[in-house]
Amino acid sequence: SHTSLLSHHIPLSTRPKSIFPMSDQRKSTVLDLLSKDSEDESLRRYKESLGLTAALNVKSNDPRRIVITSFGVQFPNMDHEPIVRTLDNEQDIKALKTNPIVIKENVLLCFVVTFRVNNEIVNRLRFKNTIRKGLISHKEEYVMGSYAASDKEISYKSESFEAPGGFIGRGSFSCTTKFEDAEKKSHLELNYTLKIQKNWA
């Protein structure tokens, strides 16, 4: 199923493998679990299934808990190749403002994100997307999940939705995407333009 980009429905996003859901109260419980007896074979296997064993050995000098490495859109019906922007540094993030994501009207698409988690567990990572054009303003929230630290990149893909079309739906939309966790800590804010045209560029 899919929704319209300009509908008021908040979709239940698909999630990659994660230790989700996890309440704030359970976060300390998971940290306690990490420190329990490693000689217990069943407990060791359980921690491995959650990705927690590896988290003990993953340390990074990067102070950021969440590192977003790419952001963009894919097209489930293969109408077009994915449009994904790398976000390796501040220059890439600034370039996003001046390099619009251009798509065809009424196309089916989804957001795609790759990221890393550094040093400690992140609880209920999500991103909030605000899209504006003139008097039109639309907000969506996508829950990505809770994750242990890992030196491997994690991929996330949202539920698919339909781009607007017609005279009102075409044009340039100003977009702001904020990545936050359950503690409302902001990890990254992206500003970019989504340009919707009658045909592919």
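**Exercise 1.** In this predicted model, determine what share of the contacts between residues at least 6 apart in sequence join residues at least 24 apart.

*Solution.* Step 1: consider the contacts in the protein between residues at least 6 apart in sequence. Step 2: of these, 73% join residues at least 24 apart. Step 3: place this value beside the secondary structure, which comprises 5 helices and 11 strands.

**Exercise 2.** State the order of the strands in the open sheet of 5 strands, and identify its edge strands.

*Solution.* Step 1: the order is β4-β11-β10-β6-β7, and the pairing is mixed. Step 2: β4 (101-104) and β7 (136-147) pair on one side only and are therefore the edge strands. Step 3: from one strand to the next, the twist averages 25°.

**Exercise 3.** Describe how strand β10 is joined to strand β11.

*Solution.* Step 1: β10 covers residues 171-180 and β11 covers residues 186-197. Step 2: the two strands run antiparallel and are joined by 10 bridges. Step 3: as one example of a bridge partner, Ser-174 has Thr-193 in β11.

**Exercise 4.** Locate Leu-190 within the largest nonpolar core and list its contacts beyond four places in sequence.

*Solution.* Step 1: of the 201 residues of the protein, 44% count as buried, that is, under 20% relative accessible area. Step 2: the largest nonpolar core contains 36 residues. Step 3: Leu-190 is among those with the most contacts inside this core, together with Ile-103, Val-113, Phe-115, Met-144 and Phe-179. Step 4: leaving aside neighbours within four places in sequence, Leu-190 is in contact with Phe-71, Leu-87, Ile-93, Leu-96, Cys-175, Thr-176, Thr-177 and Phe-179.

Conventions:
Residues numbered from 1 in each chain as written. Predicted model: local features only at pLDDT ≥ 70, side-chain atom pairs only at ≥ 80, totals over all residues. Heavy atoms only, no water. Helix = DSSP H or I, 4+ residues; strand = E, 2+ residues; numbered from the N terminus. Axes fitted to C-alpha atoms, helices over the stretch in contact; angles between N-to-C directions. Core = buried A, V, L, I, M, F, W, Y, C linked by side-chain atoms within 4.5 Å. Buried < 20%, exposed > 50% of the residue type's maximum accessible area, 1.4 Å probe, protein only. Contact = heavy atoms within 4.5 Å.
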